[in-house]
Amino acid sequence: MLPGSRIRLMKPPSGRKDLQSTEGCVMSLIPRACDPLCYKVAFPKEGSVSGSSVSDNFDELELPSTSIQLLDYDDDNDDGVDTPASTPTEDMLRVNGLCYCKDHRLESCGKCGYDFRCQNIINELNGDVDTGRRLGEELRFMGAPVRRAPAKNLEPSPFESYNAVINDAVHGINLGFNVIALDDFPRDKLLLNAFESQFLVNMFPRQDEEPSKRPLYQVRKLFTTFGSFLDTAIQGKQALPRIYLQDEAQSEVLNMDIIVIKLSVGEFAPGLKVRLPIIVVAWSRVRLGDLNGMQASLRALHPGTPMGEIRAAPHEIELFAKIIEANSALVASEDLSFLRENVLKDTPTLNIGVIAPISSKKNDEYYELLGNYCDLCATSQCVLKNCSRCKVVMYCSKSCQKSGWKEHKTVCVR
């Protein structure tokens with residue numbers, strides 16, 4: 001049974017007959033080899049006070065599974081049983097309506113003995129207990145990492161406000177690109193070096209690049225972090241991880257499973273060719289409350305697959321997704337058909353994406369082709385307003401201007 005499950009005590013331990021038939025909440029599975037399994041269970045004390053510690057409000061007992069009965073949750077007949085997951089305590093942190101342990105800011109923490117994962121999912125699904133418990137079970141089975149509390153109460157991303165425009169400068173491949181026929185990227189070479197190398201036409205963003213051209217700059221930094229995760233797995237002869245981009249407010253996640261890493265040769269100048277990594281991924285973008293997307297993403301994840309998290313701003317996730325999607329549209333149709341039929345046959349809701357390095361030169365070309373754009377998110381082809389102070393940079397919304405001010409104020413002059 002899952003942490004957060006409601007139970008009734010059928011066989012109380014010696015000396016605790018007062019708890020006969022009392023309802024409580026499963027806190028965690030006791031990590032020891034025994035049969036039957038044992039659980040830590042919390043029972044509310046009479047006269048408990050909201051805001052007090054768990055030890056003051058609850059009796060915590062270690063009980064074998066044979067002595068407790070799992071209860072079905074009935075919204076129409078809720079007895080209002082108090083649980084540690086729903087009652088604020090000194091040991092619990094609540095951010096954006098979700099619960100975490102206070103000391104480590106984790107939604108599931110073995111050191112603190114808390115597991116709020118199922119309860120949090122149920123809250124995100126507006127009280128759908130059965131689905132929330134099932135998803136929580138799947139997440140644990142897959143070995144998915146637990147979420148960490150955001151630094152502060154952040155509002156979910158206003159997805160509709162970001163509309164980054166893609167042009168030819170960000171493509172790492174050409175129309176009709178035959179990815180299947182390429183050689184595999186050498187296992188003894190570091191992907192991070194390929195993304196960072198100065199020889200590869202400054203693939204790694206320079207610190208002296210114009211601040212007003214930072215949206216794509218930040219995405220290129222995400223590419224290098226992506227390569228670093230893969231290097232760690234490859235050099236350690238480990239399974240390739242699922243890498244996901246997530247914003248601080250946890251309002252969306254961009255999942256990417258590695259299909260294949262290929263080696264391409266690009267021509268920087270006449271007679272000067274460079275070797276570039278081409279990473280083909282199966283990806284999905286799941287936003288807060290998207291139950292179908294969440295389930296499809298879990299079905300595509302093999303048990304035991306390692307996970308790698310990269311924190312990114314919402315507008316960076318938007319631009320990242322559009323770039324890999326635009327690249328995949330350039331792949332030869334027969335290659336795309338092969339990948340979809342052989343890789344995505346059991347997960348048709350996922351998409352094929354292609355990641356390739358973007359040089360500093362291409363970064364400049366992107367903005368030259370873009371014309372006017374939002375300084376924060378690169379949104380274009382909309383009503384843009386100049387910064388009232390410097391009259392140079394432009395923004396598509398007040399939220400972007402506010403989010404970008406911390407960086408822009410260092411260069412903003414009247």
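This is a short chat about the cysteines and nonpolar cores of a predicted model.

User: Hi! How many disulfides does the structure hold?
Analyst: Zero. Keep in mind that this is a predicted model.

User: What about Cys374, which cysteine sulfur is nearest to it?
Analyst: That would be the sulfur of Cys377, 3.7 Å away, and Cys374 is in no disulfide.

User: And is Cys374 buried or exposed?
Analyst: Cys374 is buried, and its relative accessible area is 0%.

User: Okay, why is there no bond for Cys412?
Analyst: Its closest cysteine sulfur belongs to Cys387 and lies 3.8 Å away, which is too far for a bond. A disulfide needs the two sulfurs within 2.5 Å. Cys412 also counts as buried, at 5% relative accessibility.

User: Switching topic: which residues touch the most other members in the largest nonpolar core?
Analyst: That core has 38 residues, and the ones touching the most other members are Leu216, Phe226, Leu245, Met256, Phe320, Ile355 and Tyr366.

User: Which helices and strands each supply at least two residues of it?
Analyst: The helices are H5 (214-235), H7 (314-328) and H9 (360-370), and the strands are E11 (242-246), E12 (252-269) and E13 (272-287).

User: Nice. Which one gives the most?
Analyst: H5 does, with seven residues.

User: What is Leu216 in contact with, leaving aside neighbours within four places in sequence?
Analyst: Leu216 is in contact with Val170, Leu319, Ile323, Ile358, Asn363, Tyr366 and Tyr367.

User: Last one: what does the second core include?
Analyst: This separate core has 16 residues, among them Val280, Leu339, Leu350 and Ala356.

Conventions
Residues numbered from 1 in each chain as written. Predicted model: local features only at pLDDT ≥ 70, side-chain atom pairs only at ≥ 80, totals over all residues. Heavy atoms only, no water. Buried < 20%, exposed > 50% of the residue type's maximum accessible area, 1.4 Å probe, protein only. Core = buried A, V, L, I, M, F, W, Y, C linked by side-chain atoms within 4.5 Å. Helix = DSSP H or I, 4+ residues; strand = E, 2+ residues; numbered from the N terminus. Contact = heavy atoms within 4.5 Å.
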